[in-house]
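User: I am new to this structure and would like to understand how its descriptive labels are reached. Could you take me through the reasoning with care?

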Amino acid sequence: MANGWSLFIGLIFVVAASVAGWFLSPKNESRTVWRATIILSVISCYLMWAIVFLAQLNPLISPKRSDIRPGRVPN
């Protein structure tokens, strides 16, 4: 399921999409704007996904079981 390799696999796809956007941008006077827009959009989407993914790996609030007596909490 979810593991640390997902981040690196996603990073490989982001690099590939950025390289493709660099070379496949239209050849006109606004080529620099196209390149910047494509690359920054791909990187922004990856960063948002990575932050959400990492936040789900380590939740801040741990679930508590209600069926355990207070003196019998396992270690």
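**Reasoning behind the labels**

Analyst: Y46 has a relative accessible area of 15%, and since buried means under 20%, Y46 is called buried in this predicted model.

User: What makes W49 count as partly exposed?

Analyst: The relative accessibility of W49 is 37%, which lies between the 20% under which a residue is buried and the 50% over which a residue is exposed, so W49 counts as partly exposed.

User: Why is the aromatic pair of Y46 and W49 called tilted?

Analyst: Three aromatic pairs are found in a search of the whole structure. In the one formed by Y46 and W49, the centres are 6.0 Å apart, with 40° between the planes; pairing requires centres within 6.5 Å, and an angle neither under 30 degrees nor over 60 counts as tilted, so both parts of the label follow. Both residues belong to helix α2 (residues 31-57), where they are three residues apart, about one turn of the helix, and ring pairs join Y46, W49 and F53 into a cluster.

User: Which residues make up the largest nonpolar core, and which helix gives the most to this core?

Analyst: The largest nonpolar core has five residues, namely L7, V14, Y46, A50 and F53. Helices α1 (5-24) and α2 each supply at least two residues of this core, while α2 gives the most, with three.

User: Which residues does L7 touch, when those up to four places away in sequence are not counted?

Analyst: On that basis, L7 touches Y46, W49, A50, F53 and L54.

Technical notes:
Residues numbered from 1 in each chain as written. Predicted model: local features only at pLDDT ≥ 70, side-chain atom pairs only at ≥ 80, totals over all residues. Heavy atoms only, no water. Helix = DSSP H or I, 4+ residues; strand = E, 2+ residues; numbered from the N terminus. Buried < 20%, exposed > 50% of the residue type's maximum accessible area, 1.4 Å probe, protein only. Core = buried A, V, L, I, M, F, W, Y, C linked by side-chain atoms within 4.5 Å. Contact = heavy atoms within 4.5 Å.
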